[in-house]
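Dear colleague,

I am passing on to you the structure we discussed, with its sequence. Please look it over before reading the notes that follow.

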Amino acid sequence: MSTVRLEQVAGTDASLKAALANAHLPTDDIEDDGRTFFKAIVADGRIVGFSGVELCGVDYLLRSVVVLSEHRGQSLGRAVVEQTLARLDRGDVFLATTNAAPFFARIGFSEVPRDSVPASVLATRQLSSICPSSATIMKRTRPPT
Ligand SMILES: CC(C)(COP(=O)(O)OP(=O)(O)OC[C@H]1O[C@@H](n2cnc3c(N)ncnc32)[C@H](O)[C@@H]1OP(=O)(O)O)[C@@H](O)C(=O)NCCC(=O)NCCS
């Protein structure tokens with residue numbers, strides 16, 4: 001697997017906001033409290049992507065996963081997600097996506113029905129207002145293949 005290390009960044013970080021905007025991912029709520037964001041750095045010091053998590057009761061929302069376009073297809077997305085999840089305590093991990101479900105399925109997430117999702121996750125701004133109701137909600141259900 002590609003090696004990345006994560007460093008926490010503030011929701012106000014300009015490079016985070018630019019990467020999310022370029023990937024058409026939500027930025028409206030990234031400066032709200034309760035979110036933790038990371039930049040992913042490779043051995044030569046370059047930033048190759050970002051990720052974020054929100055604590056929702058005992059569960060987590062994984063969000064803002066992005067690999068900069070010139071670095072995609074090198075297993076960095078997988079590495080970013082694995083490194084991000086390795087930082088979490090126990091609890092289920094959910095996400096909402098409009099176009100990256102096949103990627104997340106490849107790394108151990110499965111689609112779940114909205115009515116099975118904990119209220120604390122549904123109450124996040126991502127799920128309650130920013131993501132369209134047609135977004136696919138996924139949960140990490142098995143080790144990655
Ligand atoms: C989704 C994204 C993070 C994937 O990053 P990446 O570094 O290219 O992904 P990886 O190389 O780590 O891919 C891991 C596996 O998923 C597969 N995969 C990646 N993108 C895929 C896609 N769009 N459809 C199907 N499979 C995909 C890869 O082929 C790879 O499979 P393998 O294990 O058999 O080799 C990247 O395309 C991106 O930043 N997209 C824009 C932002 C976005 O949509 N983020 C998710 C919203 S929360």
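**Helix α2 and its surroundings**

In α2, the buried residues are Leu 76, Gly 77, Arg 78, Ala 79, Val 80, Val 81, Glu 82, Thr 84 and Leu 85. Nine of the 11 residues of this helix are therefore buried, and α2 is largely enclosed by the rest of the structure. Please bear in mind throughout that this is a predicted model.

One residue of α2 can be related to a strand that comes earlier in the chain. The C-alpha atoms of Leu 76 and Gly 49 are separated by 8.2 Å, although their positions lie 27 residues apart along the chain. Gly 49 is found in strand β3, which covers residues 47–56. With a relative accessible area of 0%, Gly 49 is buried.

The loop between β4 and α2 contains Ser 75. Ser 75 is not a glycine, yet its phi is positive, at about 65°. Is Ser 75 buried, partly exposed or exposed? Its relative accessibility is 41%, so Ser 75 counts as partly exposed, because the partly exposed class lies between 20% and 50%.

**The ligand and its shell**

The ligand sits in the largest pocket. Around the ligand there are 18 residues, and the closest are Val 65, Gly 73, Gly 77, Arg 78 and Arg 106. Two of these names, Gly 77 and Arg 78, also appear among the buried residues of α2.

Which elements supply at least two residues each to this shell? They are β4 (59–67), α2 (76–86) and α3 (101–106). The largest share, four residues, comes from α3. By character, the shell divides into 10 nonpolar, five polar and three charged residues.

Several backbone atoms lie at short range from polar atoms of the ligand:

- A polar backbone atom of Val 65 is 2.7 Å from a nitrogen atom of the ligand.
- A polar backbone atom of Val 67 is 2.8 Å from an oxygen atom of the ligand.
- A polar backbone atom of Gln 74 is 3.5 Å from an oxygen atom of the ligand.

As for cover, the ligand taken alone exposes 920 Å², and the protein buries 71% of that area.

**Residues brought together from separate parts of the chain**

Strand β4 also holds Asp 59. Asp 59 counts as buried because its relative accessibility is 9%, and buried means under 20%. Asp 59 and Val 93 are 34 residues apart in sequence, while their C-alpha atoms are 6.0 Å apart in space.

Leu 16 has its place in helix α1. This residue is buried, with a relative accessible area of 0%. From Leu 16 to Val 66 the separation is 50 residues in sequence and 9.4 Å in space, C-alpha to C-alpha.

In strand β2 one finds Ala 40. Ala 40 is likewise a buried residue, with a relative accessible area of 0%. The C-alpha atoms of Ala 40 and Glu 7 are separated by 6.6 Å, and the two residues are 33 residues apart along the chain.

**Two loop residues**

His 24 belongs to the loop between α1 (14–22) and β2 (35–41). Its phi is near 60°, a positive value in a residue other than glycine. Why does His 24 count as exposed? The reason is that its relative accessibility is 72%, and exposed means over 50%.

Thr 124 lies in the loop between α4 (119–122) and α5 (125–130). What is the relative accessible area of Thr 124? The value is 7%, so Thr 124 is buried. A polar atom of the side chain of Thr 124 lies 2.8 Å from the backbone oxygen of Val 121.

**In brief**

The points I would ask you to keep in view are the ligand in the largest pocket, the shell of 18 residues around it, and helix α2, with nine of its 11 residues buried.

With kind regards

Methods. Residues numbered from 1 in each chain as written. Predicted model: local features only at pLDDT ≥ 70, side-chain atom pairs only at ≥ 80, totals over all residues. Heavy atoms only, no water. Near = heavy atom within 4 Å. Polar contact = N/O pair within 3.5 Å; in protein donor to acceptor, adjacent residues only side chain to side chain. Areas by Shrake-Rupley, 256 points an atom, 1.4 Å probe, with all protein chains shown as cover. 1 Å grid on protein atoms, 1.4 Å probe; cavity = no way out; pocket = protein on both sides within 12 Å on 5 of 7 lines; lining within 4 Å. Sits in = over half its atoms within 2 Å of the grid points. Nonpolar A, V, L, I, M, F, W, Y, C, P; charged D, E, K, R; others polar. Buried < 20%, exposed > 50% of the residue type's maximum accessible area, 1.4 Å probe, protein only.
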